[in-house]
Amino acid sequence: MAPLVSHMNNPRPLSQVRVRIMDDPQINAASAGGGEFYVTRGLLEKANDEHLRGVLAHELAHDDLGHVAKAQTLGAGLNIGMILLDQIFPGSGKLTPIAGVLVANSYSRQEEYEADRHGVDILARAGYSKAVMINTLTWLLQTSGGSGGGMLATHPGTQERIDALKKL
Ligand SMILES: [Zn+2]
């Protein structure tokens with residue numbers, strides 16, 4: 001995650017970045033503003049490195065563009081995921097795992113297109129192709145398309161977003 005953070009338009013010092021891991025089986029992630037991000041246990045369990053990179057680039061893009069989801073947490077559960085994120089985020093003393101379910105307002109479709117495009121920019125600056133974002137969105141559609149919940153509920157319009165990215 002750190003290489004992506006350093007390629008934002010407004011790079012945040014890593015000391016200001018907080019990633020909170022929700023004990024939520026659905027695949028989801030959110031930017032809560034101020035360098036605060038949420039990822040779910042479902043995402044960490046099911047995503048491969050490329051998918052995780054794509055999701056984080058997309059969420060960092062939301063943050064960079066000032067899109068704030070009013071994310072909140074409900075419920076209680078176990079803290080897990082610390083070891084996984086330790087591999088992603090050097091200096092994971094900054095991580096704050098918390099229990100509960102991620103509840104976030106959905107972003108608008110316009111915000112989704114903007115975050116996809118800007119996420120591709122951030123990936124490119126860090127040396128990755130736009131295929132990372134296309135593959136990530138395709139995976140989200142295939143993995144959670146039937147459930148109607150999680151990432152697709154809070155980040156609408158995935159097939160259209162894939163088509164838009166292919167035209168870039
Ligand atoms: Zn989004």
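The expected span of a helix is 1.5 Å times one less than its number of residues. Helices (H or I, at least four residues) and strands (E, at least two) are DSSP runs, numbered from the N terminus.

This is a predicted model, in which local features need pLDDT of at least 70 and side-chain atom pairs count only at pLDDT 80 or more, while totals for chains, interfaces and linings use all residues. Residues are numbered from 1 along each chain as its sequence is written.

**Exercise 1. Get your bearings.**
Work out how many helices and strands the protein has, and in what pattern they follow along the sequence.

*Solution.*
- Step 1: count the elements, and you get eight helices and five strands.
- Step 2: read along the sequence, which gives α-β-β-β-α-α-β-α-β-α-α-α-α.
- Step 3: check burial. A residue is buried if 20 or more other C-beta atoms lie within 10 Å of its own, exposed if 12 or fewer, and partly exposed in between, with C-beta atoms placed from the backbone. Of the 168 residues, 41% count as buried.
- Step 4: look at contacts, meaning residue pairs whose C-beta atoms, placed from the backbone, lie within 7 Å. Taking contacts with a separation of 6 or more, 69% come from residues 24 or more positions apart.

**Exercise 2. Put a ruler on α3.**
Find what α3 spans from its first C-alpha to its last, and why α3 is described as largely enclosed.

*Solution.*
- Step 1: α3 has 16 residues and reaches 22 Å, close to the 22 Å expected at 1.5 Å a residue.
- Step 2: 14 of those 16 residues are buried, so α3 is largely enclosed by the rest of the structure.
- Step 3: go just past the end of α3, where G66 takes a positive phi of about 80°.
- Step 4: bring in the nonpolar core, a set of buried Ala, Val, Leu, Ile, Met, Phe, Trp, Tyr and Cys residues joined through C-beta atoms within 7 Å. The largest one has 35 residues, and A29, Y38, V39 and A57 make the most contacts inside it. Helix α3 (residues 49–64) supplies the largest share of this core, six residues.

**Exercise 3. Lay out the sheet.**
Say in which order the three strands of the open sheet lie, and which of them are edge strands.

*Solution.*
- Step 1: two strands pair if DSSP finds at least two bridges between them. The order is β1-β3-β2, with mixed pairing.
- Step 2: β1 (18–22) and β2 (29–33) are the edges, each pairing on one side only.
- Step 3: the twist averages 20° from one strand to the next. For angles like these, axes are lines fitted to C-alpha atoms, for helices over the stretch in contact, and angles run from 0 to 180 degrees between N-to-C directions.
- Step 4: β2 and β3 (residues 36–40) pair in the antiparallel sense over four bridges, with A30 partnering Y38 and G33 opposite E36. α3 packs on the sheet, touching β2 and β3, and its direction makes about 25° with that of β2.
- Step 5: β2 and β3 form a hairpin with two residues between them, and G34 in that turn has a positive phi of about 65°.
- Step 6: β1 and β3 pair in the parallel sense over five bridges. Here R18 stands opposite E36, and V19 has F37 as its bridge partner.
- Step 7: for cover, four of the five residues of β3 are buried, and four of the five in β1 are buried.

**Exercise 4. Cross two helices.**
Work out at what angle the axes of α3 and α6 cross.

*Solution.*
- Step 1: the axes of α3 and α6 (residues 131–144) come within 8 Å and cross at roughly 100°.
- Step 2: α3 is therefore roughly perpendicular to α6. The bins are under 35 degrees for roughly parallel, over 145 for roughly antiparallel, 65 to 115 for roughly perpendicular, and oblique for the rest.
- Step 3: the contact involves E50, H51, R53, G54, V55, A57 and H58 of α3, together with V132, M133, N135, T136 and W139 of α6.

**Exercise 5. Zoom in on two residues.**
Decide whether D64 is buried or exposed, then do likewise for T158.

*Solution.*
- Step 1: D64 sits in helix α3. It counts as buried because it has 22 C-beta neighbours inside 10 Å.
- Step 2: leaving out residues up to four places away in sequence, D64 touches M8, N9, N10 and H118. D64 and S31 are 33 residues apart in sequence, with their C-alpha atoms 9.7 Å apart.
- Step 3: T158 belongs to helix α8 (residues 158–166). T158 is buried, because 20 other C-beta atoms lie within 10 Å.
- Step 4: not counting residues up to four places away in sequence, T158 touches L137, L140, L141 and L152. The C-alpha atoms of T158 and L137 are 6.4 Å apart, with their positions 21 residues apart along the chain.

Notes
Two residues are in contact if their C-beta atoms, placed from the backbone, lie within 7 Å.
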